[in-house]
Amino acid sequence: MWTVIPSPIGDLRVVTTPDGQAIRAIEFSPFKGSPIGEPIGERSDEQPVLAAAASQLAEYFAKQRRVFDLPLQPKGTDFQQKVWAQLQQIDFGETCSYGQLAKRLGMTQAASRAVGLANGRNPIPVVIPCHRVIGADGSLTGYAGGVERKQILLELEEQALF
């Protein structure tokens, strides 16, 4: 099941697991086939998990929510799962570098490239805040949704801190 949610960074398609019990993916528009490599079923705006996601994302974009409370089930390797879990530890309005993220995972700075690749494959952006990871020099490095969207998300969080 899936739904589409309007946002300041364009429409977002939210997809659940086949049983509808958890979020499997969030995709930026324009949408291309299945973001999870498996059938996504029919649109269901009223499905409870999708309705909760729509509500919480709307609150986030309205600067009324800092933490998401949604059941998540991203599909990925063990290493990707570890990176995505660590992303969820980066507080709202904070950023960290790929090297810092590698260090938090108990790895050396040399692992920052692998961390970056896993970060880029995050299937649930915004909710799993991969936009909070920046280059060691503070630059906005690549983002699956485009650097412009990353900038908007970081500015939204910065403005909501005041």
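Me: Buried means under 20% relative accessible area, exposed over 50%, and partly exposed in between (1.4 Å probe, protein chains only). This is a predicted model: local features need pLDDT of at least 70, side-chain atom pairs count only at pLDDT 80 or more, and totals for chains, interfaces and linings use all residues. Residues are numbered from 1 along each chain as its sequence is written, and side-chain values use heavy atoms, with hydrogens and water left out. Is K63 buried, exposed or partly exposed?

Reply: K63 sits in the loop between α1 and α2. Helices (H or I, at least four residues) and strands (E, at least two) are DSSP runs, numbered from the N terminus. The relative accessible area of K63 is 40%, so K63 is partly exposed.

Me: What phi does K63 have?

Reply: Most residues other than glycine have a negative phi. K63 is not a glycine, yet its phi is positive, at about 65°.

Me: Which residue in the loop between α4 and β5 (133–134) has a positive phi without being a glycine?

Reply: The loop between α4 and β5 holds the residue in question. Its phi is near 75°. With a relative accessible area of 0%, it is buried: V126.

Me: Which residues does the cis peptide bond join?

Reply: Most peptide bonds are trans. Here omega is about 0°. The proline lies in the loop between β3 and α1. The bond joins S29 and P30.

Me: In what order do the three strands of the open sheet lie?

Reply: Two strands pair if DSSP finds at least two bridges between them. β1 (2–5) and β3 (23–28) are the edge strands, each pairing on one side only. β1 pairs with β2 over four bridges, and β2 with β3 over five, both in the antiparallel sense. The order is β1-β2-β3.

Me: Which residue of β3 stands opposite V15?

Reply: V15 is on one of the two covered faces of β2, along with R13. L12, V14 and T16 are on the other side, and these are buried too. Opposite V15 in β3 is A25.

Me: At what angle does helix α1 (residues 48–61) run to β2?

Reply: The helix lies across β1, β2 and β3. Axes are lines fitted to C-alpha atoms, for helices over the stretch in contact (heavy atoms within 4.5 Å), and angles run from 0 to 180 degrees between N-to-C directions. Helix α1 runs to β2 at about 145°.

Me: Which residue takes a positive phi in the hairpin of β1 and β2?

Reply: Six residues lie between these strands. The phi in question is near 100°. The residue is G10.

Me: How do α2 (residues 78–87) and α4 (residues 112–120) stand to each other: parallel, antiparallel, perpendicular or oblique?

Reply: Their axes come within 9 Å and cross at roughly 80°. Angles under 35 degrees count as roughly parallel, over 145 as roughly antiparallel, 65 to 115 as roughly perpendicular and the rest as oblique. So α2 and α4 are roughly perpendicular.

Me: How many disulfides does the structure hold?

Reply: A disulfide is a pair of cysteine sulfur atoms within 2.5 Å. The sulfur of C130 is 12 Å from the closest cysteine sulfur, in C96, so the two are too far for a bond. C96 is buried at 2% relative accessibility, and C130 is buried at 5%. The count of disulfides is zero.
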